[in-house]
Amino acid sequence: MGGSSSPCASCKLLRRRCTKDCIFAPYFPPNEPHKFAIVHKVFGASNISKMLQELPIQQRADAVNSLVYEANARMKDPVYGCVGAISFLQNQISQLEMQLAMAQAEILCIQMQNNNNNLCEIQINNNDNNL
Ligand SMILES: [Zn+2]
């Protein structure tokens, strides 16, 4: 039994000794082996290590989360990866913006019709007064 010195998921997969200052250990715990397996497959362990080293410690967890997300997207969609999701959502945004613009135009039309009717009523009233 290794006790507290059980290697992180990365070192376990790479079959190397997990040292106290292992850069992966805080983000790839041994109970979540799939997280490292997938980023290693897509980005490669040495690239991940380089990326993490270039970041301040307080941003590394976020970077690991986005790398895992991107790697998962790349596995699901080998052609577009998470760009596929981004362009799908961008299309949805522009469709919704068009619907919103149409709804706003409709509101404007109704308001103008109401205003015209009010004007008409005023004019009719004025005519009544004149009579
Ligand atoms: Zn390690």
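**Exercise 1. Determine how α2 passes α4, and which residues make the contact.**

Solution. Begin with the handedness: in this predicted model, α2 passes α4 in a left-handed crossing. The residues that make the contact are, on the side of α2, Lys35, Ile38, Val39, Val42 and Phe43, and, on the side of α4, Leu67, Val68, Ala71, Asn72, Arg74 and Met75. Next, turn to the geometry of the axes, which come within 9 Å of one another and cross at roughly 70°. Angles of 65 to 115 degrees count as roughly perpendicular, and therefore α2 is described as roughly perpendicular to α4. Finally, take Val39 as one residue to follow in the structure: leaving aside its neighbours within four places in sequence, Val39 is in contact with Ile48, Leu67, Val68 and Ala71.

**Exercise 2. Describe the largest nonpolar core and state which helices supply it.**

Solution. The first step is to find the core itself, which has 13 residues, and in which Cys8, Phe24, Phe28, Phe36, Val39 and Leu67 have the most contacts. The second step is to ask where its residues come from: α1 (9-14), α2 (33-43) and α4 (57-76) each supply at least two of them. Of the helices, α4 gives the most to this core, with three residues. As a last step, set the core against the whole protein, where buried residues make up 14% of the 131 residues.

**Exercise 3. Decide whether Arg15 and Glu70 are buried, partly exposed or exposed.**

Solution. Start with Arg15, which lies in the loop between α1 and α2. Arg15 has 7 C-beta neighbours inside 10 Å, and because a residue with 12 or fewer is exposed, Arg15 counts as exposed. While looking at this residue, note also its backbone, since Arg15 has a positive phi of about 55° although it is not a glycine.

Now move to Glu70, whose place is in helix α4. With 17 C-beta neighbours inside 10 Å, Glu70 counts as partly exposed. To see what surrounds this residue, set aside residues up to four places away in sequence, and Glu70 is then found to touch Gly81 and Cys82. Glu70 and Gly81 are eleven residues apart in sequence, while their C-alpha atoms are 6.9 Å apart in space.

**Exercise 4. Summarise the elements of the protein, and describe the stretch 86-113.**

Solution. Count the elements before anything else: the protein has five helices and zero strands, so that, read from the N terminus on, the order is α-α-α-α-α. Then consider how the contacts are spread along the sequence, for among contacts between residues at least 6 apart, 40% join residues at least 24 apart.

For the last step, consult the record, in which UniProt lists residues 86-113 as "coiled-coil region" in an unreviewed entry. In the predicted model, the chain over residues 86-113 is 100% helix and 0% strand, and the C-alpha atoms at the ends of this stretch are 40 Å apart.

How values were computed
Residues are numbered from 1 along each chain as its sequence is written. This is a predicted model: local features need pLDDT of at least 70, side-chain atom pairs count only at pLDDT 80 or more; totals for chains, interfaces and linings use all residues. A nonpolar core is a set of buried Ala, Val, Leu, Ile, Met, Phe, Trp, Tyr and Cys residues joined through C-beta atoms within 7 Å. A residue is buried if 20 or more other C-beta atoms lie within 10 Å of its own, exposed if 12 or fewer, and partly exposed in between; C-beta atoms are placed from the backbone. Helices (H or I, at least four residues) and strands (E, at least two) are DSSP runs, numbered from the N terminus. Two residues are in contact if their C-beta atoms, placed from the backbone, lie within 7 Å. UniProt positions are given in the numbering used here, feature names are shortened, and annotations may be inferred rather than shown by experiment. Axes are lines fitted to C-alpha atoms, for helices over the stretch in contact, and angles run from 0 to 180 degrees between N-to-C directions. Angles under 35 degrees count as roughly parallel, over 145 as roughly antiparallel, 65 to 115 as roughly perpendicular and the rest as oblique. A crossing is left-handed if the near helix is turned anticlockwise from the far one by less than a right angle, and right-handed if clockwise.
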